[in-house]
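Student: Could you take me on a close look at one part of this model, the place where its domains meet? I'd like one connected walk through it.

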Amino acid sequence: MPAGRPRSFDAEEKLDVAMRLFWRDGYEGVSLSDLTEAMGINRRSLYAAYGNKETLFASAARRYLDGPGAFVSRALEEPTARGVAAVMLHGCADAYTQPDSPAGCLLVQSALACSPEDDGVRRLLARYREDGVLALAARFERARNDGDLGADETADPKALARMLTAIGQGMSVQAAGGASREQLHELADQALKAWPTP
């Protein structure tokens, strides 16, 4: 944007609008026209502030992870491995069923329908998912070294991390399909019954 011409809109506020639109409709389901209409800006302003649709989505996804999806980071701070799992799964149940937000997870909803032409978005989402698995696996490895996780094959840190991630992604799909918060909390409780004991 040329010097001396400040933006006439709050870029963070508009990014929040874009995040919610991508969250509700997925990356493929949102057009540039949808974005400019919802955000109340023209294409030129959108490009100047955020780049193209893909870079705007990347910013929106990061905003989601730091905001509505931040329960995952909080879960990693729990003092026990089971506590990590419980906070993560129950966090999914709460986050995916907020009455004032779209149902499910922005990252999962966008990954479900992503065409080959949008390889950059697919790779971004895959990287975020893998980063989450690796963070959980590292936390569970620490738990195993501390004696907080069983030593048998049911307590494999990476396998547990992938299991939790898969359950969380399934909860997102169920929430988007109409599952209630109570049903998702019941699912979380059922999954935790299989958690290995130290």
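Tutor: Sure. Before we start counting, contact here means heavy atoms within 4.5 Å. Keep in mind that this is a predicted model. The domain assignment splits the chain into domain 1, residues 11-53, and domain 2, residues 67-194. Their centres, taken over C-alpha atoms, sit 27 Å apart. By that contact rule, 8 residues of domain 1 touch 16 residues of domain 2.

How much area does that bury? About 1000 Å² between domain 1 and domain 2, with carbon and sulfur atoms giving 64% of it. On the domain 1 side, Trp23, Tyr27 and Glu28 carry much of the load: together they supply 68% of the area that domain 1 buries against domain 2, more than any other three residues.

Now for the polar side of things. The rule finds 0 salt bridges across the interface of domain 1 and domain 2, but it does pick up 4 residue pairs in polar contact there. Sorted by class, the domain 1 side that touches domain 2 has 4 nonpolar, 1 polar and 3 charged residues.

Let's zoom in on Gln109, which lies in helix α7, residues 106-112. Gln109 counts as buried because its relative accessible area is 17%, and the cut-off for buried is under 20%. Leaving out residues up to four places away in sequence, Gln109 touches Trp23, Gly26, Ala103, Gly104, Ser172 and Ala176. With one of these, Ser172, there's a polar contact between the two side chains, at 3.2 Å. Trp23 is on that list of neighbours too, and you've already met Trp23 as one of the three top contributors to the area domain 1 buries.

Definitions and conventions. Residues are numbered from 1 along each chain as its sequence is written. This is a predicted model: local features need pLDDT of at least 70, side-chain atom pairs count only at pLDDT 80 or more; totals for chains, interfaces and linings use all residues. Side-chain values use heavy atoms; hydrogens and water are left out. Domain bounds come from an automatic or database domain assignment. Buried area is the accessible area (1.4 Å probe) that two parts lose on being put together, summed over both. A salt bridge is a side-chain nitrogen of Lys or Arg within 4 Å of a carboxyl oxygen of Asp or Glu. A polar contact is a pair of N or O atoms within 3.5 Å; within protein, one must be able to donate a hydrogen and the other to accept it, and residues adjacent in sequence count only if both atoms are side-chain atoms. Ala, Val, Leu, Ile, Met, Phe, Trp, Tyr, Cys and Pro count as nonpolar, Asp, Glu, Lys and Arg as charged, and the others, Gly among them, as polar. Helices (H or I, at least four residues) and strands (E, at least two) are DSSP runs, numbered from the N terminus. Buried means under 20% relative accessible area, exposed over 50%, partly exposed in between (1.4 Å probe, protein chains only).
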